[in-house]
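This briefing introduces a single structure to a reader who has not met it before. Please look over the sequence and the three-dimensional view before turning to the points that follow.

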Amino acid sequence: MKHLNMVYLVEDDVITTFLIKTLMKKFSFADEIEGFQNGEDALNALLASSNDPDMLFLDLNMPVMDGWEFLKAISKHPKYAKLPIYILTSSIDPTDKARSTEFPNVKGYLVKPLSLKDLQSINPEVG
């Protein structure tokens, strides 16, 4: 896998965000990790930015715009059709995992807490 310059982390829990960013920085997962508290903020940042992320981690249960709404919205933008998205959730519901496969962008379904093993499954060069 190529080196990741920027990753978006869409997660409403500040403690979880802190822990994930710390793990990613410790193991040099990406040069920059941008955090957003809901899907709407992340979508607005994507549409306004000229510097697109290489990958996006997405929580499902958030206020304002949840992960499912974000996935539906982003699927309408051809520019982001190939943006790799990893679901990062506390949900172990098989229905959620099955539903995530309906979105071509979704490359994986990770259950919190995120671990080094999870990061290595995405990019074996990490760690």
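**Asp59 and its surroundings**

Leaving out residues up to four places away in sequence, Asp59 touches Val10, Glu11, Asp12, Gly67, Leu88, Thr89 and Lys112. The model is a predicted one. The points below begin with Asp59 and one of its contacts, Asp12, and then turn to the annotated span, the helices and the backbone.

**The annotated residue and Asp12**

- Asp59 is located in the loop between E3 and H3.
- UniProt, in an unreviewed entry, lists Asp59 under "modified residue: 4-aspartylphosphate".
- With a relative accessibility of 3%, Asp59 counts as buried, the cut-off for that class being under 20%.
- Asp12 lies in the loop between strand E1 (6-10) and H1.
- Asp12 has 28% relative accessibility and therefore counts as partly exposed.
- Beyond its neighbours within four places in sequence, Asp12 is in contact with Gln37, Asp59, Asn61, Met62 and Pro63.
- Asp12 and Pro53 are separated by 41 residues in sequence, and their C-alpha atoms are 19 Å apart in space.

**The annotated span**

- The UniProt annotation "domain: Response regulatory", from an unreviewed entry, covers residues 6-127.
- Helix makes up 37% of residues 6-127 and strand 20%.
- The C-alpha atoms at the two ends of this span lie 17 Å apart.

**Packing of H2 and H3**

- Helix H2 (residues 39-48) packs with helix H3 (residues 67-74) at an angle of about 25°, and the two axes are 9 Å apart.
- H2 and H3 are therefore roughly parallel to each other, since angles under 35 degrees fall in that class.
- The crossing of the two helices, H2 and H3, is right-handed.
- On the H2 side the contact is made by Gly39, Ala42, Leu43 and Leu46, and on the H3 side by Phe70, Ala73 and Ile74.
- Sorted by class, the contact of H2 with H3 has six nonpolar residues, one polar residue and no charged residues.

**Burial of H3**

- Because six of the eight residues of H3 are buried, this helix is largely enclosed by the rest of the structure.
- The buried residues in H3 are Gly67, Trp68, Phe70, Leu71, Ala73 and Ile74.
- Which elements cover the buried residues of H3? They include H2, strand E3 (55-58), strand E4 (85-89), helix H4 (94-100) and strand E5 (106-111).
- Gly67 appears among the buried residues of H3 and is also one of the residues touched by Asp59.

**Backbone features in the loops**

- The peptide bond from Lys112 to Pro113 is cis, with omega near 0°.
- Pro113 belongs to the loop between E5 and helix H5 (116-122), while Lys112 is one of the contacts of Asp59.
- Ser28 is not a glycine, yet its phi is positive, at about 50°.
- Ser28 is found in the loop between helix H1 (14-26) and strand E2 (32-36).
- Is Ser28 buried or exposed? Ser28 has a relative accessible area of 55% and is therefore exposed, the threshold being over 50%.
- Val64, likewise a residue other than glycine, has a positive phi near 70°.
- Val64 lies in the loop between E3 and H3, which is also the place of Asp59.
- Val64, at 58% relative accessibility, counts as exposed, whereas Asp59, at 3%, counts as buried.

Definitions and conventions. Residues numbered from 1 in each chain as written. Predicted model: local features only at pLDDT ≥ 70, side-chain atom pairs only at ≥ 80, totals over all residues. Heavy atoms only, no water. UniProt positions renumbered as here; feature names shortened; annotations may be inferred. Helix = DSSP H or I, 4+ residues; strand = E, 2+ residues; numbered from the N terminus. Axes fitted to C-alpha atoms, helices over the stretch in contact; angles between N-to-C directions. Parallel < 35°, antiparallel > 145°, perpendicular 65-115°, else oblique. Left-handed = near helix turned anticlockwise from the far one by under 90°. Contact = heavy atoms within 4.5 Å. Nonpolar A, V, L, I, M, F, W, Y, C, P; charged D, E, K, R; others polar. Buried < 20%, exposed > 50% of the residue type's maximum accessible area, 1.4 Å probe, protein only.
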